[in-house]
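Please look over the sequence and the structure shown below before reading the points that follow. They take up a sheet, the helices that lie on it, and the surroundings of a DNA strand.

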There are 2 protein chains.
Amino acid sequence: MAEHSGEDGTMGTPERRTVRDLRRGNRAMLLRALYFGGPASRNDLCGVTGLSAATVSTMTGDLLADHVVVEAGQVDSDGGRPRVLLRVNPVYGYAIGVDVGETQVRVELFDLEMKELARAHYAVRSARHDPELVARHILTGVDTVISEGGIPAEQVLGIGVGVPGIVEPGPEALVRAKTFGWEAVPLGALLRAGTALPLYVDNGAKTMGRAELWFGSGRGTRDAIMVLMGSGVGGTIVADGSIYRGAGKAAGEVGHLKVVAGGRACRCGARGCLEAYVGAEAILERAGVVADSADEEAALAGVLESGSPVVAETVEMLGAGLSSLVHLFNPERIVIGGWAGLMLGGRLLEEIRAATAANTLAQPFQSDTIVLGRLGADAVALGAATLVIEAFFREAAFRQSVTT
Amino acid sequence: MAEHSGEDGTMGTPERRTVRDLRRGNRAMLLRALYFGGPASRNDLCGVTGLSAATVSTMTGDLLADHVVVEAGQVDSDGGRPRVLLRVNPVYGYAIGVDVGETQVRVELFDLEMKELARAHYAVRSARHDPELVARHILTGVDTVISEGGIPAEQVLGIGVGVPGIVEPGPEALVRAKTFGWEAVPLGALLRAGTALPLYVDNGAKTMGRAELWFGSGRGTRDAIMVLMGSGVGGTIVADGSIYRGAGKAAGEVGHLKVVAGGRACRCGARGCLEAYVGAEAILERAGVVADSADEEAALAGVLESGSPVVAETVEMLGAGLSSLVHLFNPERIVIGGWAGLMLGGRLLEEIRAATAANTLAQPFQSDTIVLGRLGADAVALGAATLVIEAFFREAAFRQSVTT
DNA sequence: AGACCATAATCTAAGTCTTGAATAAAGTCA
DNA sequence: TGACTTTATTCAAGACTTAGATTATGGTCT
C-alpha cells in the first residue's frame, strides 16, 4: 500500500490557481505557525513551514514592516550568531467575543494572544430573549469593553458572536434558535445597524469547539469531536483539521443523535435524541426535579450527588452516543465541555469511558480518547473571538505588503 | 456575514508550497475536469478550471503529446474556428478492480472510462475464507482478465481491491475482518508476492461508496453518505468532496451506529448497533428464518413479502439511524446501496424517508435527500478500480512532460 | 470569388514567486 | 586577533501563469 498514501481525490475543484495565491497560502501558513508555535526564530520557521530560508526572510521582513510580527528577544546558539525570536504582535489589534447564552449575554475583549482585557456581562431574563434587547446588550457591551480596555477603537479587528441554534450564512446572519423562540432573527443586520466593525456570527457550540481546538483539550488534533453539554447538547466536528459544517452548514448536531429509537420525547420534537437523556434539562426532568434555568447548576449537582438511578442511565446513554461518534468519525479525541458536561465528567469520567468502551469493542478505541474540556465559562466568548483572529489571518495573508 | 465566507482555518499545515506544486495541482485539476466533464474544448476547460487560455493550451499540449488525452471530434461555432473536443484517452491504460465478497471473489478489467472489458469470478465457500486461497484467486483472476481482455499487460495501471473490515494503511495492507475471521491478514504482502503491479487495498464499503460518488447516485455532491447494506452494514462518508477516514482510518462504520442503547446484540460484540437490526443477517434472524449465506437474497425477499412486523421495525430503525446521520453530517444526499439496501429501498423507500423525516424535524431535511444507489453488483469492484484511476491522476499530474 | 468577420488556439513578453548559492552579520573559542 | 559556527539577507536563476498580440479556421456578405 505504499502508493495509497495520498489523499482521496477531491471531486470538486481545488482552489489554488495563480502563483499569487501560492504566496498568500504560504504567508498564512507562516503566520499561523508563528501564532500557534509561540515565539520562534526564522530558522525554526523554515523547519515548520518547509519554506526556504530566503522566503521566510522576505516574508518575515514584510510582516515586521507591517508590525503584524515583532521581535521577542534572542536566544544564544552555541558558537554562532544568536537567533532572533519572532512572534505575532499581541497588541497589533484586538478581538471582541460575544456569548449569547440562556441566562446572560457576555461581551469580552481580547488581545491577539487571547489575553482578556475587559468584560461586560448582562443578565437576561430566561423567558424573554427579545432579539433587539440582545442586540442592544451586545452593542453597549462592545462600547463598554473598548473604553474599559483602554484601547483605540480603530484597532478592534472585529466582533465574533456565538449564538444558540443554526446560523444561516449571509450578510443577515439569520439565526434559528428554538430554545430562544427565534424563528429567523437577522442578528447580523440588527448589529450592523449599530456598529461598523466586521461581524462574525456562528453557533455557540461551534465557537466553544473552536476555543477547545485552539487553546484547550483539542489542541494539536486534526480529527476530534467536541461535545458541549449545557441545558441542551451541541457539538463541533473537527475533520482533517477544520470544522465540518455539511451541505447546509448545520452539521454537528450531536444532541440529536438518536440513542433510543422511539424513545423519550426531545424538545426538538423527535424522540430518543441524546439531548433528551443527557442534557441538563432532561436529566432534571427525569429525576423529577423542578428548577428554573437560573439555578439549574445547583439542581444538577444535587441530582448527581443523590445517587439516583437516573445518573447511571445518563452515563449509559452518553456512552452509547459517544460510541456512535467513535464508529462514525474514528476521532483522535473527544472533548466533553459545557457546564453540565464538566460537572458530569468531573465526577463520572471513568464511568463514561467505560460505558463508551463497552459499546465499542470492534475498533481501536483507547479510553483516553475521551477527555474533559479545559476551558471554563468563557469558552464560548473566547471561541467567538477566534473567528475574528481567523479572519485576521486571512486578511493579513492577502494584503500585499506596501514595500515602502 | 459577508466576511464569514472563507473556510474555517486549517489547523494543520496546508501542503502547497513551491510553484511546481502549483502546476501539478492545476494539471490534476484539468485532467479531472476532462475526465468527469466528458469531452470538452480547450475553451470550455478555461471556464471550468479558471485557468487562462494560454495555460490550458500548453497543458493540453503536453497531455496530448503524452497520449493521455486525445482529440474527440469538432463542434462548429457560429461563424468562427470550430472547437476541437478533447477527452481522456480511454485506452491509455487499464484498471483492475477486485471485490473480495462473502460468497465470491470478483476480478474485473476496465478501461479508463470504466467500460468493463473482462471479468473472472470465483465462488468461495462461505465458511472458509483462507487468505492464501483468496490471494490465489485474485492473482489468477488478474492473469485471466488481462488475457481475455486482449490488452498488453504493461498497460495495466494497477489493481484495486475492496475487502471487508478495516484496512491498515502501509505496504502490508493489514486487513482485519471479523466476519472472515481475518485477524491481521497482510493481503498486500500476499499479492505482491505474485504480481509487480501497483496495489491499492481499501474497505469494500468505501470502494462501493467511491463508485457511487464517481458514477452513481452520489455524482456531483460534495457532502454525502453512502450506506452499504448487505449481510452487514458499512458506509462511506464524503466530506467536502473527499472520503473521510478519521484519525485511525476507520471512520464511516455506519453499521455500528447505536440506535437502541443496550439493545439487540450485534456480531461485533456490542449492543444496539444499526447492523443488528437492518443488516440482512439480522433481519433474517429476527424473522426467525434460517438461511445460509448462499441464498440470503431469496430469504430476505421472502421476509419482505411476508408483511412481518419485523419489516416495519427495520424501517423504523433505519430511519432512526439515518436521522442521526442527517443531524451529524447535514449531507446533501444519502445513498442506500448494497444488495440488501437496494432490495429494501426498492420496496420501501418512501417509508424509509418518512421514518427518517419523523426523527428529523428540526433541520432543513428534504426527503429526497435519501436515494437508492444506481450501481448494481459490480459497484465494489468498480469502485476498487477507481482507486487505480485516482492514482493515475496523481501520477499524470506529477510527471513532468518531456518536451521533446 | 474575394473581402470581411467571428471564434479558437498559440505565441510572446512581462510579472510574480520560490530557491540555492553567495554574502553579510554576530558570536564563540583558542 | 583569527579560525570557525550559526543565523540572516541578497541576488541571479528558474518555473509558472497571465494578458495581449498573432495565427488558424471557417462562415457570411456583396
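Two strands count as paired if DSSP finds at least two bridges between them. With that in mind, the model, which is predicted, can be read from one pair of strands outwards: in chain B, strand β5 (residues 104–111) is joined to β6(B) by seven bridges, and the two run antiparallel.

**The sheet of chain B**
- Within this antiparallel pair, B:Glu108 is found opposite B:Arg119, which belongs to β6(B).
- The pair is part of an open sheet of five strands in chain B, whose order is β6-β5-β4-β7-β11 and whose pairing is mixed.
- At the edges of the sheet are β6 (116–123) and β11 (199–203) of chain B, each of which pairs on one side only.
- On average, and with direction ignored, neighbouring strands of this sheet are turned by 15° against each other.

**Helices on the sheet**
- Helix α4 (residues 131–149) of chain B lies across β4 (94–100), β5, β6 and β7 (156–163) of that chain, and runs at about 30° to β5(B).
- Helix α6 (residues 204–215) of chain B also packs on the sheet, where it touches β4, β7 and β11 of chain B, and its direction makes about 100° with that of β11(B).

**Around DNA strand C**
- DNA strand C is surrounded by 29 residues, and the closest are A:Ser52, A:Ala54, B:Ala54, B:Gly80 and B:Arg81.
- Elements that each supply at least two residues of this surface include α3 (53–65) of chain A and α2 (42–49) of chain B, while α1(A) gives the most, with five residues.
- By type, the residues of the surface near DNA strand C comprise nine nonpolar, 13 polar and seven charged ones.

Terms used: Residues numbered from 1 in each chain as written. Chains lettered and ligands numbered in written order. Predicted model: local features only at pLDDT ≥ 70, side-chain atom pairs only at ≥ 80, totals over all residues. Helix = DSSP H or I, 4+ residues; strand = E, 2+ residues; numbered from the N terminus. Axes fitted to C-alpha atoms, helices over the stretch in contact; angles between N-to-C directions. Contact = placed C-beta atoms within 7 Å. Near = placed C-beta within 6 Å. Nonpolar A, V, L, I, M, F, W, Y, C, P; charged D, E, K, R; others polar.
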